[in-house]
Amino acid sequence: MTFQIKKCRWLYISLSILSLCLAVTVTPAKAFVQVPTTSTLNVSASTQPNNWLEQGRNLYRSGRFAEAVTIWQTAAQQYHTQGDRLNEALSLSYLSLAQQELNQWQAAQQSIEQSLKLLQTSSADAILWAQALNTQANLQLHTGKAEIALASWQQAQKFYDQAGDKMGSLGSQINQAQALQTLGFYRRSKQQLEVLTQKLQGMPDNEIKVSGLRSLGLALQITGDSSKSQQILEQSLAIARQISAQPQLSSILIGLGQTAVDLQDPKAALDYFEQAQLLTTNPSDRLQARLAQFKLFLNYDKLEFVNSLAPQLLQELRELSPSHTSLYAAINFVATLNYQSNSHPILPLKDLAQLMAITVKSAQQIQDTQAEAHALHQWGKLYLRTQQLSQAQELTQKSLNIARQLQANDIIAQSARQVGQLYKQQGDRSKAITAYTEAVNALKVLRGDLVAINPDVQFSFRTSVEPVYRELVDLLLEERPSQAELIQARELIEGLQIAELDNFFREACLDRTQQIDQIDPTATVIYPIVLPDRLTVILSKAGQPLRSYVIHKSQAEIEQTLDNFLVALNPVSDSKDRDRLSQQIYDWLIRPEEADRAFIDTKTLVFVLDGRLRNIPIAALFDGKQYLIEKYAVALSPGLQLMATRSLHQNHINAIVGGISQSRAGFSALPAVESEVKQISKAVSSSVLLNQEFTSQAVAKRVKSSSASIVHLATHGQFSSRLEDTFLLTWDGEVNVKELSELLKNRGSDPSKAIELLVLSACDTAAGDDRAVLGLAGLAVKSGARSTIATLWPVKDRAAAMLMTRFYDQLRQPKITKAEALRQAQISLIRQTDFHEPFFWSGFVLIGNWI
């Protein structure tokens, strides 16, 4: 089978929470179940010829669950007859485990309740309590009660600790981490598992070690570290095979398959999924493996396999007895197909609707209200696809009502958005705004863990999170927005940019913020918002009401003009064509406000840019006579509430200046860097690291030991919306942006010691990437730097050296802002050098705090 590699829209099956980044429900990996031998318990072994507990245990371990049920039922009856309450309780606890494997949830509930009741009326040892609570928690997790399961495992851990059972305690902690993942607390789970794995590494190979490594591997995969996830899962697989830990093999193999998809190796992924299907003795695990294969075929357009497998899976899902796992398998299946084009449905939509109807009924039967809400949402989406709006609204509203009762923000965000879409189609703007606002508020609550999701970040964020914000902004800015609507739209655009920053770093970046438009009365903040049929510009100035201007141009026309302008900036292009395009954008963004005298008393224009506008050198916009930078200082910001403000003390500027002038690691030489470094070190007090001295360790050491307010790095680098493609070159290799941010943040958490200005004078942003500038802003935020100066494209190194030298000369002047210092340096290139073309000076942008 031949796969064509493309960006894979992978829909995970590793957790039980609906991941908003994917907008698809996912199914949990199985919690680790401990079935100890009776010799580990302070319970007398049976004197019968056949040791029922041990027989059942052996059958359970080999996957013969029905036979284990029969044996343990017999054991419970016999121990009851003998009056052996403790062994009866243990038999019932084991029986519940086997019944869970067979999806006999009501029977499993009765067995464990009876076991716990017996323990309460007997003098049971701590180890028996631990075992029974472990069984109860496993049942709670798989019947949709993850929060209660977490508490039960915490209680079980205390009993294991009390009994001195170290491995039992570790197993319970691993299961707690699994419950955290199910609740959506991915990073907390990963941190807990990393600590546990350190403890397990020095221990003998056993099932608990396998489970810990497996859980950590899955957590790493979800939180973005696919390579490390692969290593950990392979280690888990090797141990599982060595000790014949059969029940865990399929889960590990499916995890490895998902990681292979992340690493764009579909052939390996398919092999793992097929192995998982062949090796498992559990019908539920086999179904998960088949669903994983189905999604793989679908994502790589292998329709011949999709079309044959889809009806089989549909039939299998219809026939499953109700359980948490079977419910989410069905929901996942329909959610995957809901992404397909209406014009070519793989299965009849009425058949999928019938499956969701069955799923809702099953969820009600086992009282899994979260699964019921998910199923109602997907069912409503099916009716939305066929434009049966009243049915869609009824089902989606039911989903939303349940989600509110559960305080399940992941479901609220999706169902509230869908309700908003339905109201919008019906022309009820007010109700649509209310619904969308609820969806956005739910996303904000989820922010911390939502952003940690790894798979195909651009796809997931742009299809499941970003549209919620944009659709609400579009509604708010219809017709003549009120002041309250303008304020909400502005906050949404800022919130979206913060969410994008979080998404870029896969963790929440911004904790402390400050409203800086209140501090600089000479700044006007401009929000150009690209909507499908228009460009709306919002103006914010301290102490004044917000203003808005509308340009009626389609998004396609705006983006084409922006792209053409970028091409025309090349010095070999026709300057008349460049000026015409530049003037066109000026007329959209600046001219109406100037005509309205909105910039009176304004010295700095701060742009919160949207979409493709982020790639445009705003300073180079042309009014027909002069460039924008000749009239105002210009800065970029992801929003007003990002950077705390503190101006530089011009008389006490200290800098760490580093760079590479020689060719290194396949990158070309930057001969003017040496001159740039020397000139800057003359202009301001500097600590210099050049070429061989410019290592990541040396930079980290200088940052930590120095009180320098500026870090200036003149070296190759690239900024992209993909974390993996964003790096800076040091003498000892590429430093990725996360490592760089930690390296620059090497002064602890004291805000007074933060870097005031980070300058990246030879870096490049990824061509055509309208989120790359966010990577630059994100670096500043994560490193604690209050502002960053960087280049949107590679600039001739002699022009860069000249501009930076003049920038530092200006920065030493009294009471000058960073934005004004950059403006004066750019003007000097325009008026006093051969580098007067915008290509040479307009690529330098100031991001963050401009003061």
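**Close-up 1. Helices α15 and α16 pack at an angle of about 150°, with their axes 10 Å apart.** The view comes from a predicted model. Helix α15 covers residues 324-338, and helix α16 covers residues 349-365. Angles over 145 degrees count as roughly antiparallel, so α15 is roughly antiparallel to α16. The crossing of α15 past α16 is left-handed.

**Close-up 2. Side chains from both helices build the contact between α15 and α16.** From α15 come L327, A330, I331, F333, V334 and L337. From α16 come L352, L355, M356, T359, S362 and A363. By class, 10 of the contact residues are nonpolar and 2 are polar. No charged residues take part in this contact.

**Close-up 3. R534 and D533 form a salt bridge.** Their closest N and O atoms are 2.8 Å apart. The two partners differ in burial class: R534 is buried at 7% relative accessibility, whereas D533 is partly exposed at 46%. The cut-off for buried is under 20% relative accessible area, so R534 falls in that class. This pair belongs to a wider set, as a search of the whole structure finds 29 salt bridges.

**Close-up 4. A salt bridge joins the side chains of R831 and E630.** The N to O distance is 3.0 Å. This pair links distant parts of the chain, with the two residues 201 residues apart. R831 sits in helix α32, which spans residues 818-832. E630 lies in the loop between β6 (604-607) and β7 (633-636). R831 is exposed, with a relative accessible area of 54%. E630 is buried, with a relative accessible area of 15%.

**Close-up 5. R823 pairs with E820 in a salt bridge.** The closest N and O atoms of R823 and E820 are 2.9 Å apart. Both residues belong to helix α32. They are 3 residues apart, so about one helical turn separates R823 from E820. Both R823 and E820 are buried.

**Close-up 6. R318, K350 and D351 belong to one salt-bridge network.** The salt bridges here share partners, and this sharing joins the three residues. Side chains of opposite charge can pair when their charged atoms come close.

Note on methods: Residues numbered from 1 in each chain as written. Predicted model: local features only at pLDDT ≥ 70, side-chain atom pairs only at ≥ 80, totals over all residues. Heavy atoms only, no water. Salt bridge = Lys/Arg side-chain N within 4 Å of Asp/Glu carboxyl O. Buried < 20%, exposed > 50% of the residue type's maximum accessible area, 1.4 Å probe, protein only. Helix = DSSP H or I, 4+ residues; strand = E, 2+ residues; numbered from the N terminus. Axes fitted to C-alpha atoms, helices over the stretch in contact; angles between N-to-C directions. Parallel < 35°, antiparallel > 145°, perpendicular 65-115°, else oblique. Left-handed = near helix turned anticlockwise from the far one by under 90°. Contact = heavy atoms within 4.5 Å. Nonpolar A, V, L, I, M, F, W, Y, C, P; charged D, E, K, R; others polar.
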